[in-house]
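This briefing introduces a structure to a reader who has not met it before. Please look over the sequence and the model shown below before turning to the points that follow.

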Amino acid sequence: MGVNCVISVPMEENKSGQYVITKLQKKIENLGAKKAGHFSVDCETYQSQIPIEGQVKVINNVHDTEYPASTFSFVENGPHLVADNTLDMLFAKMDSFYAPKKNFKIEAKGVRYELNDFLIKVGSVIIGQNTSVKGILLQIDYTPCILYNDSWGIITELLHILGINPNITNFFKSRLEKKESSVDYTDCAQQYLELFNSVRKSMTVNQQPPGMSSSPVMIQGRM
Amino acid sequence: MAAPAHGGKEERQLQTSIDILVQRVAELRNKIEGLILRLEREPPESLNWPSFLDNFAIISSQINTLTRFIKNEKTIQLKSYELLPLSLNPNIDENLRKLTNGRVHTFNHELVPDYLRTKPEPEVEERGNTLTAKAITINTDVVNKQMASLNNAVHKIAELIEHERERFEADINQRTQTAQSYRQKDTEELVASIMYGKGISANRAVSQVTQPPQVSQPQTMQNQIPNPSNAHMYQQKAIKTNIRGSNPYNRPQ
Amino acid sequence: MEQFISHKSNAEAMVKGVVPTQEYYLHGSILDSNRETLLYRLQGSCDGDQSKFLDHEQVFVLKGQALNAPDVNVSIRKSLLPVPSGAVRNPCQMRYTNDPDSDRSKPTMVRTCLDIAVNEDQILQYLKSLGFSFEYEFVSKGYVFRRGRTKISVSKIHRVLVKGQTEKIEPLTESNLIEFSCTAPAGTEHLQDEIKAYADQLKPHVNIDKQDVKRLVSTPGFQNNPNA
């Protein structure tokens with residue numbers, strides 16, 4: 001486990017999401033990266049049926065194929081938990097208290113590349129049952145290092161080579177601001193969650209009918 | 001085979017006795033065969049001692065009934081009948097083979113002495129005779145003395161065993177009466193405690209008095225106590241949410 | 001709605017898979033004075049060696065009254081034993097259990113359970129923010145054995161005198177709790193006979209059996225009965 005950075009890749013005007021992804025994958029392959037399977041990160045959102053401590057609680061359960069036996073559970077504006085994926089079954093047991101939000105499951109999936117010390121994942125974002133691409137996420141892991149500040153330079157460089165503006169998440173920013181801040185298992189899921197939330201937000205803001213792709217609004221402060 | 005004719009009644013009696021004997025022996029044989037079959041055919045792990053011993057018990061009781069039947073006064077005294085082989089044949093006798101389930105093929109000179117023997121072999125008989133002769137020559141006084149001392153020894157051993165048994169039984173009684181190694185009441189109490197918090201959720205009440213409701217204090221457990229005013233609010237909200245009971249997520253699966 | 005269904009079937013697939021969701025268990029107890037004898041017997045008849053444990057268990061409940069739903073009970077169990085230097089502490093265990101099946105014809109008690117390993121640092125805040133409230137806690141100290149798929153524990157249950165302070169404890173009774181427990185996926189009812197047969201072997205030294213203690217805790221507040 002090294003430092004990982006997840007960013008949103010902007011869509012191109014009048015081009016399909018798939019086009020942008022293929023273009024990006026080409027660039028990565030040209031650098032000599034090797035395909036190493038597929039990946040998927042998904043998030044299910046639950047909502048409390050009654051207010052708890054005076055507010056309706058929203059819980060996001062994130063699953064990452066990189067940690068197939070785990071569930072990362074985030075209470076919105078609250079604590080988070082790393083647990084066995086049997087936690088999902090506990091939520092099924094609590095279905096009178098917490099119901100999954102309808103058509104809210106969001107997922108990023110795509111190809112996983114290995115490039116020496118880097119792990120690169122290109123994922124297309126889909127929501128609910130709709131298969132159209134709602135956004136593109138790029139994850140870059142720099143595996144030999146667990147300190148944010150020390151690996152940021154080399155990650156920026158790789159992004160630069162790929163021709164992507166390093167538009168990092170607020171979470172990542174907060175990590176960079178702290179000196180000597182090291183990686184935690186939940187960091188990757190946190191960044192995905194932040195980006196998922198902004199994709200969802202852009203969907204509701206634009207009121208786009210499903211099927212049309214739009215570029216996601218860049219990082220709205222959350223968490 | 002020949003049987004002396006002693007009038008119709010006795011003959012019928014003999015016939016029924018033999019029929020019964022044959023039937024009993026057949027039953028016994030079936031049982032033994034069954035047991036042997038199980039031993040040979042079934043995997044060893046499916047055999048268990050209790051059922052094995054049961055089988056033995058059945059066989060031994062069948063042998064018992066058979067012996068009792070032979071000794072019974074009403075049964076015809078087989079002892080008083082003779083069995084005389086009229087002809088011996090070195091060739092294979094199919095009929096005999098069928099009768100004996102393939103165990104005896106021929107009725108010849110070699111087999112007959114073994115099968116129809118009613119007395120011990122001559123050498124054995126001779127040894128028996130010498131022993132009897134020797135016994136007769138021993139002095140009566142010596143015999144009596146030896147018998148007395150043997151009886152004495154046996155008596156002592158019997159006493160010893162009896163004594164040990166009493167002690168053993170007393171021991172068992174004592175153990176069951178006094179040394180109870182568990183208390184059912186404790187079991188129930190412990191289970192009720194770990195499963196429902198019986199007797200240990202009392203400190204909840206205590207801490208509710210001593211700890212004022214807190215907003216947040218990470219890393220301690222005190223803020224887990226339900227705040228009474230909060231609980232009240234919870235109840236009120238209930239009325240509202242019950243109306244929503246028909247929403248699809250609420251349906252029991 | 002589709003999302004909801006797919007979520008459901010997901011969970012069902014997990015249930016049908018290898019996740020152990022059934023717990024078969026029996027309880028008994030042994031007086032302190034006779035504990036050593038029992039431990040010897042267990043050591044002789046169980047697989048491998050006994051291991052010592054010292055666990056702190058806290059029980060939380062999500063009250064279902066307001067929603068007319070049954071309560072959801074979870075317990076958090078973590079070891080208080082010092083971690084050997086160089087080793088990493090195992091994550092603490094969160095366990096969901098429902099009320100046991102009271103079917104008298106079955107040889108053991110049966111309940112649904114879910115074992116979830118969780119990270120320790122935020123679990124209490126997490127449960128609180130989900131609406132769980134603290135019910136009770138205890139410390140159990142003893143030995144655990146394994147025999148086939150059955151886990152056997154002999155432990156002393158302690159009351160925690162000052163909430164959350166696990167060093168100030170006192171034993172509940174003069175007895176040690178014995179628990180025979182086996183968790184397995186659904187459809188493994190035959191395991192019950194295995195557990196029961198071994199439990200019976202320890203008679204008359206101890207009586208390990210189904211303990212229906214619900215009648216002892218009928219006092220309101222301990223267990224609320226959703227009459228849904």
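The notes below treat confidence, the individual chains and one contact between chains.

The model is predicted. Chain B is built from nine helices and zero strands, whereas chain C has four helices and nine strands. Chain A is described here through its confidence and through its contact with chain C, to which chain A gives 31 residues and chain C gives 28 residues.

**Confidence in the model**

- For chain A the mean pLDDT is 85, with 91% of the residues at 70 or more. Residues 208-223 of chain A have a pLDDT below 50, and this stretch has 39 contacts in the model beyond near neighbours in sequence.
- For chain B the average pLDDT is 74, and 74% of the residues score at least 70. At the start of chain B, the pLDDT over residues 1-5 is below 50, and the stretch has five contacts beyond near neighbours in sequence.
- A further stretch of chain B, residues 203-253, also stays under 50 in pLDDT. The model has 52 contacts for residues 203-253 of chain B beyond four places in sequence.

**Chain B: overall build**

- Read from the N terminus, the elements of chain B run α-α-α-α-α-α-α-α-α.
- Chain B has 253 residues, of which 7% count as buried.
- Among the contacts in chain B with a separation of 6 or more, 39% are between residues 24 or more positions apart.

**Chain B: the annotated region and helix α1**

- An unreviewed UniProt entry annotates residues 11-38 of chain B as a "coiled-coil region". In the model, residues 11-38 of chain B are 100% helix and 0% strand, and the C-alpha atoms at the two ends of this region are 41 Å apart.
- Helix α1 of chain B spans residues 8-41 and contains B:Ser17.
- Is B:Ser17 buried or partly exposed? B:Ser17 counts as partly exposed because 18 C-beta neighbours lie inside 10 Å, while a buried residue needs 20 or more.
- B:Ser17 and B:Phe69 are 52 residues apart along the chain, and 9.1 Å separates their C-alpha atoms.

**Chain B: helix α5**

- Helix α5 of chain B covers residues 122-137, which is 16 residues. At 1.5 Å a residue, α5(B) should span 22 Å, and the 23 Å between its end C-alpha atoms agrees with that expectation.
- The number of buried residues among the 16 of α5(B) is zero, so this helix lies largely in the open.

**Chain C: overall build**

- The order of elements in chain C, from the N terminus on, is α-β-α-β-β-β-β-α-β-β-β-β-α.
- Of the 228 residues in chain C, 36% are buried.
- Contacts in chain C between residues at least 6 apart in sequence include 64% that join residues at least 24 apart.

**Chain C: strand pairings around β6**

- Strand β2 (residues 47-62) and strand β6 (residues 133-147) of chain C are antiparallel partners, joined over twelve bridges. Within this pairing, C:Phe53 has C:Gly142 in β6(C) as its bridge partner.
- β6(C) also pairs in the antiparallel sense with strand β7 (residues 150-160) of chain C, over ten bridges. Here C:Tyr143 has C:Val154 in β7(C) as its bridge partner.
- What do β6(C) and β7(C) form? They form a hairpin with two residues between the strands, and C:Gly148 in the turn has a positive phi of about 60°.

**Chain C: strand pairings around β5**

- Strand β5 (residues 109-118) of chain C pairs with strand β1 (residues 22-31) of chain C in the antiparallel sense over four bridges. The bridge partner of C:Tyr25 in β5(C) is C:Met109.
- Strand β4 (residues 92-97) of chain C likewise pairs with β5(C) in the antiparallel sense, over six bridges. C:Arg95 stands opposite C:Asp115 in β5(C).

**The contact between chains A and C**

- The contact draws 31 residues from chain A and 28 residues from chain C.
- On the side of chain A that touches chain C, at least two residues each come from β2 (34-48), β5 (80-84) and α2 (87-93) of chain A.
- α2(A) gives the most to this side, with six residues.
- By class, the side of chain A that touches chain C comprises 15 nonpolar, nine polar and seven charged residues.

Terms used. Residues are numbered from 1 along each chain as its sequence is written. Chains are lettered from A and ligands numbered from 1 in the order in which they are written. This is a predicted model: local features need pLDDT of at least 70, side-chain atom pairs count only at pLDDT 80 or more; totals for chains, interfaces and linings use all residues. UniProt positions are given in the numbering used here, feature names are shortened, and annotations may be inferred rather than shown by experiment. Two residues are in contact if their C-beta atoms, placed from the backbone, lie within 7 Å. Ala, Val, Leu, Ile, Met, Phe, Trp, Tyr, Cys and Pro count as nonpolar, Asp, Glu, Lys and Arg as charged, and the others, Gly among them, as polar. A residue is buried if 20 or more other C-beta atoms lie within 10 Å of its own, exposed if 12 or fewer, and partly exposed in between; C-beta atoms are placed from the backbone. pLDDT is the predictor's confidence in each residue, from 0 to 100. Two strands pair if DSSP finds at least two bridges between them. The expected span of a helix is 1.5 Å times one less than its number of residues.
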